[in-house]
Amino acid sequence: MSILPSLIDHAGHLGAALAEYTQPTIHEEETLPSAIRAFIIIGAFVVVPVSIAWFMSRCAEIYEARHPEET
């Protein structure tokens, strides 16, 4: 049972250490332009192709519905 007070004491020290830790935000650093550029790149290489693929898939479904394959 002597471990419990030790764990509580260590947790208190850890909480104090975490409270003193400060991390710069994205506005404090000069990373905002890089972050914006990254979102644009992700959009260009992920969102746009997926949107085009979805549109082409829908067009293919509509075409197949209007022109059923006769066998």
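The expected span of a helix is 1.5 Å times one less than its number of residues. That yardstick applies here to helix H2 of a predicted model.

**Overall make-up**

The chain contains 2 helices and 0 strands. It has 71 residues, of which 1% count as buried. About 6,900 Å² of the chain is exposed, and carbon and sulfur atoms supply 68% of that area.

**Helix H2**

H2 covers residues 32-66. This helix has 35 residues. From first C-alpha to last, H2 reaches 49 Å, close to the 51 Å expected at 1.5 Å a residue. H2 also carries a kink of about 40°, and Gly43 is at its centre.

**The nonpolar patch**

Seven names make up a nonpolar surface patch: Phe39, Ile41, Ile42, Phe45, Val46, Val47 and Val50. The patch measures about 750 Å². Phe45, one of its members, lies in helix H2. Phe45 counts as exposed because its relative accessible area of 66% is over the 50% cut-off.

**The salt bridge**

The structure holds 1 salt bridge. Arg58 pairs with Glu61, and their closest N and O atoms are 3.0 Å apart. Both residues belong to H2 and sit 3 residues apart, about one turn of the helix. An α-helix has 3.6 residues a turn, so residues three or four places apart point the same way.

How exposed are the two partners, Arg58 and Glu61? Arg58 is partly exposed at 38%, and Glu61 is partly exposed at 43%. Both count as partly exposed because these values fall between the 20% and 50% limits.

The table sets out the accessibility of three H2 residues.

| Residue | Relative accessible area | Class |
|---|---|---|
| Phe45 | 66% | exposed |
| Arg58 | 38% | partly exposed |
| Glu61 | 43% | partly exposed |

Terms used. Residues are numbered from 1 along each chain as its sequence is written. This is a predicted model: local features need pLDDT of at least 70, side-chain atom pairs count only at pLDDT 80 or more; totals for chains, interfaces and linings use all residues. Side-chain values use heavy atoms; hydrogens and water are left out. A salt bridge is a side-chain nitrogen of Lys or Arg within 4 Å of a carboxyl oxygen of Asp or Glu. Helices (H or I, at least four residues) and strands (E, at least two) are DSSP runs, numbered from the N terminus. Buried means under 20% relative accessible area, exposed over 50%, partly exposed in between (1.4 Å probe, protein chains only). Patches are made of residues with over 30% relative accessible area and no salt bridge: like charges are joined within 9 Å, nonpolar side chains (Val, Leu, Ile, Met, Phe, Trp, Tyr) within 5 Å. Accessible areas come from the Shrake-Rupley method with a 1.4 Å probe; for residues, only the protein chains shown count as cover. The bend at a residue is the angle between axes fitted to the seven residues ending there and the seven starting there.
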